[in-house]
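Reader: I would like to go through the helix packing and the pockets of this model. Please keep the answers short.

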Amino acid sequence: MSTPHISAAPGDFAEVILMPGDPLRARYIAQRFLQDAREVTSVRNMFGYTGTHQGRRLSVMGHGMGIPSLSIYTTELIREYGVRVILRVGSCGALRQDVKLRDIIVATAAGTDSNVNRMRLGGHDFPAVADFTLARHAVEAAEKRGRPVRVGSVFTSDLFYSPEGEAAKNALYARMGMLAVEMEVAGLYGVAAEFGARALGLLTVSDHLLTRESLSAADRQTTFDEMIELALDVAAAQ
């Protein structure tokens, strides 16, 4: 039953999956948090694993960088492998002074400069919003853990290196209430809507676009444990 981008067999994936951008972070999550995890796909080194967490079957797989990469993997996971809930666990760049390095954001909605969701909706604007129940469970889980989270909208950018001045654009996004910039959430919400799945973006602030603070590449891979634990709480509630 292999797809062009996933080499798994039928039933290899659980209905609930955590998806970081970095496939090495997927491996880290599987080794650190799942019991009896086994690798189920490795096409193009985009590693995917399935195991259990607190007795519940759960998968984790990388989705790569940007909407096109994420859209390929999530579409195949939903259509061909029966995945019903996708939790993106990724990084982002803060847009506002009141958002700090390592803050966790529950992304309830996402604006974007990409055209993919307009294509999905016949040229019209698409409301790229999270599944409400998943977002509510994330907030409730954070409260139980005594871990404050930021809840709100983010901006999904198609370009990491913009040919235009970034400062003015970032200031506009912040004025419109957006907390951070990242590269996948709006696409994830579009795919989930198109194929009848449920999705939520959980993001850890790895860079601050105003203060220029940032986490190292190694930190991004291994120090997002609080976000992962929160995502696992959400997965357990489904």
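Author: The model is predicted. Begin with helix H2 (residues 67-81) and helix H6 (residues 185-195), whose axes come within 9 Å and cross at roughly 25°.

Reader: Are H2 and H6 roughly parallel or roughly antiparallel?

Author: Their axes cross at roughly 25°. Angles under 35 degrees count as roughly parallel. H2 and H6 are therefore roughly parallel.

Reader: Which residues in H6 meet H2, and how many of the contact residues are charged?

Author: H2 brings Ile67, Leu70, Ser71, Thr74, Thr75, Ile78 and Arg79. On the other side, H6 brings Gly187, Leu188, Val191 and Phe195. By class, the contact has six nonpolar residues, four polar and, for charged, one.

Reader: Is the crossing of H2 and H6 left-handed or right-handed?

Author: These are the helices with axes within 9 Å of each other. Their crossing is right-handed.

Reader: Are H4 and H8 oblique or parallel to each other?

Author: Helix H4 (residues 132-145) and helix H8 (residues 225-236) pack with axes 9 Å apart, at an angle of about 120°. The range 65 to 115 counts as roughly perpendicular, and over 145 as roughly antiparallel. The angle of about 120° is in neither range, so the pair is oblique.

Reader: Which residues in H8 meet H4?

Author: From H4 come Leu134, His137, Ala138, Ala141, Ala142 and Arg145. The contact holds six nonpolar, one polar and three charged residues. The H8 residues are Glu229, Leu230, Asp233 and Val234.

Reader: H8 also packs with H1. Is H1 roughly parallel or roughly perpendicular to H8?

Author: Helix H1 (residues 23-33) packs on H8 at about 70°, with the axes 12 Å apart. Angles of 65 to 115 count as roughly perpendicular. H1 is therefore roughly perpendicular to H8.

Reader: What residues of H8 make the contact with H1?

Author: H1 passes H8 in a right-handed crossing. H1 gives Tyr28, Ile29, Arg32 and Phe33. The contact divides into five nonpolar, no polar and three charged residues. From H8 come Asp225, Ile228, Glu229 and Leu232.

Reader: Now the pockets. Which residues are closest to the centre of the largest pocket?

Author: The largest pocket has a volume of about 910 Å³. Its lining has 36 residues. The closest to the centre are Ser91, Phe160, Met183, Asp207 and Arg220.

Reader: Which element gives the largest share of that pocket's lining?

Author: Strand E5 (85-94), helix H5 (166-175), strand E8 (180-182), strand E9 (198-208) and helix H7 (217-222) each supply at least two residues. The largest share is five residues, and it comes from E5.

Reader: How many residues of the lining of the largest pocket are charged?

Author: The lining divides into three classes. Nonpolar residues number 10 and polar residues 14. The charged residues number 12.

Reader: What is the volume of the second largest pocket?

Author: Its lining includes Ala110, Gly111, Asn117, Arg118 and Asp125. By class, the lining has four nonpolar, five polar and two charged residues. The volume is about 170 Å³.

Reader: Which element gives the largest share of the lining of the second largest pocket?

Author: Ser114, Asn115, Phe126, Pro127 and Ala128 are also among the lining residues. Strand E6 (104-112) and helix H3 (116-120) each give two or more residues. The largest share, three residues, comes from E6.

Definitions and conventions: Residues numbered from 1 in each chain as written. Predicted model: local features only at pLDDT ≥ 70, side-chain atom pairs only at ≥ 80, totals over all residues. Heavy atoms only, no water. Axes fitted to C-alpha atoms, helices over the stretch in contact; angles between N-to-C directions. Helix = DSSP H or I, 4+ residues; strand = E, 2+ residues; numbered from the N terminus. Left-handed = near helix turned anticlockwise from the far one by under 90°. Contact = heavy atoms within 4.5 Å. Nonpolar A, V, L, I, M, F, W, Y, C, P; charged D, E, K, R; others polar. 1 Å grid on protein atoms, 1.4 Å probe; cavity = no way out; pocket = protein on both sides within 12 Å on 5 of 7 lines; lining within 4 Å. Points joined across faces, edges and corners; volume = space filled by probe spheres on them.
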